[in-house]
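Colleague: I'd like a close look at one part of this protein, with the surroundings filled in as you go. Could you walk me through it at bench-side pace?

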Amino acid sequence: MAEAQSRNTISGSVDSFLQSLVSIVNDESASIPITLSVGGLLISGAMIGGKTYFDEFARQFKDGFRNISSETASTIEEAFKRLGDVYDPIQKESQGIGAISKPHLIHLRDAQIYHSGASPGPSEKGGGWRGRLEAVDGFSLGRVSLR
């Protein structure tokens, strides 16, 4: 056990505990408040599954276009939504992809990024965020709260 934990501290490795939490969220419809430390930054938001991330990304991306037909907008939205199918448990099962594959990415909703030495901006809603688990230096459950 100690050997496995020491391997997680080696640069470039993935924290297996965080990886298992991401797996659970990817397989369930969940939204877990979390704060990540990534390269000296704090990234705080709600951890969501990959499928949920791509569903929300597709809607937001489509909504950014003006003066396009509803058919084109639907095509854009569906194209991005399909990227999330790899996270859908039913799709994974039908494609023979089981729980064997470990996640390498983490997805956040309403993510806000904080860095030291700078005052945070006005508290406005953050956006979607996607990052490599390998880049995460540490994490804590809960969001950053500015008082």
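What is the bridge partner of Met-47 in β3? Please start there and tell me about the strand β2 and its neighbours.

Modeller: Happy to. One caution before anything else: this is a predicted model. The bridge partner of Met-47 in β3 is Leu-108. Beside that bridge, Ala-46 has Arg-109 as its partner in β3. Both belong to the ladder between β2 and β3 (residues 105-115), an antiparallel pairing with seven bridges.

Now look to the other side of β2. Met-47 stands opposite Ile-32 there. The strand concerned is β1 (residues 31-38), and β1 and β2 pair in the antiparallel sense over eight bridges. The two strands make a hairpin with two residues between them, and Gly-39 in the turn has a positive phi of about 55°.

Step back and you can place β2 in the sheet. The sheet is open and has five strands in the order β4-β3-β2-β1-β5, with antiparallel pairing. At the edges are β4 and β5 (136-141), each of which pairs on one side only. Neighbouring strands are turned by 40° against each other on average, direction ignored. As general background, strands of a sheet pair through backbone hydrogen bonds, either parallel or antiparallel.

Helices pack on this sheet too. Helix α2 touches β1, β2, β3 and β5, and its direction makes about 35° with that of β2. Helix α3 also packs on the sheet, touching β2, β3 and β4, with its direction at about 65° to that of β3.

How covered is β2 itself? The strand, residues 41-48, has six of its eight residues buried. Ile-43 is a good residue to click on, as it lies in β2. Its relative accessible area is 2%, so Ile-43 counts as buried. Leaving aside neighbours within four places in sequence, the contacts of Ile-43 are Ile-34, Thr-35, Leu-36, Val-38, Leu-108, Ala-111, Gln-112, Ile-113 and Trp-129. You will recognise Leu-108 from that list as the partner of Met-47 in β3. Another pair to display is Ile-43 and Val-136: they are 93 residues apart along the chain, yet their C-alpha atoms are separated by 9.9 Å.

From the strand, let's move to α3, residues 50-63. Its 14 residues should span 20 Å at 1.5 Å a residue, and its end C-alpha atoms are 20 Å apart, so the two values agree. The buried residues in α3 are Gly-50, Tyr-53, Phe-54, Glu-56, Ala-58 and Lys-62. They pack against α2 (16-27), β2, α4 (70-83), β3 and β4 (127-132).

Two of those buried residues deserve a closer view. Tyr-53 is buried with a relative accessible area of 11%, and Phe-54 is buried with 7%. They also belong to a cluster linked by ring pairs, made up of Tyr-53, Phe-54, Phe-57, Phe-61, Phe-65, Phe-80 and Tyr-87.

For the α4 side, try Glu-77, which is found in that helix. Its relative accessible area is 15%, and because buried means under 20%, Glu-77 counts as buried. Apart from neighbours within four places in sequence, Glu-77 is in contact with Ala-58, Arg-59 and Lys-62. Ala-58 and Lys-62 are among the buried residues of α3 listed above.

Aromatic rings give one more link, this time between α2 and the sheet. Eight aromatic pairs turn up in a search of the whole structure. In one of them, the rings of Phe-17 and Phe-139 have centres 6.0 Å apart and planes at 35°, so the pair is tilted. This pair joins distant parts of the chain, with Phe-17 in helix α2 and Phe-139 in strand β5, 122 residues apart. Phe-139 is partly exposed, with a relative accessible area of 25%.

Finally, here is the whole chain as a frame for what you have just seen. It has five helices and five strands, running α-α-β-β-α-α-α-β-β-β from the N terminus on. Buried residues make up 29% of the 147 residues. Among contacts between residues at least 6 apart in sequence, 67% join residues at least 24 apart. The chain exposes about 9500 Å², with 54% of that supplied by carbon and sulfur atoms.

Methods
Residues numbered from 1 in each chain as written. Predicted model: local features only at pLDDT ≥ 70, side-chain atom pairs only at ≥ 80, totals over all residues. Heavy atoms only, no water. Buried < 20%, exposed > 50% of the residue type's maximum accessible area, 1.4 Å probe, protein only. Helix = DSSP H or I, 4+ residues; strand = E, 2+ residues; numbered from the N terminus. Pairing = 2+ DSSP bridges. Expected span 1.5 Å × (residues − 1). Contact = heavy atoms within 4.5 Å. Axes fitted to C-alpha atoms, helices over the stretch in contact; angles between N-to-C directions. Areas by Shrake-Rupley, 256 points an atom, 1.4 Å probe, with all protein chains shown as cover. Phe/Tyr/Trp six-rings, centres within 6.5 Å; stacked < 30°, edge-to-face > 60°.
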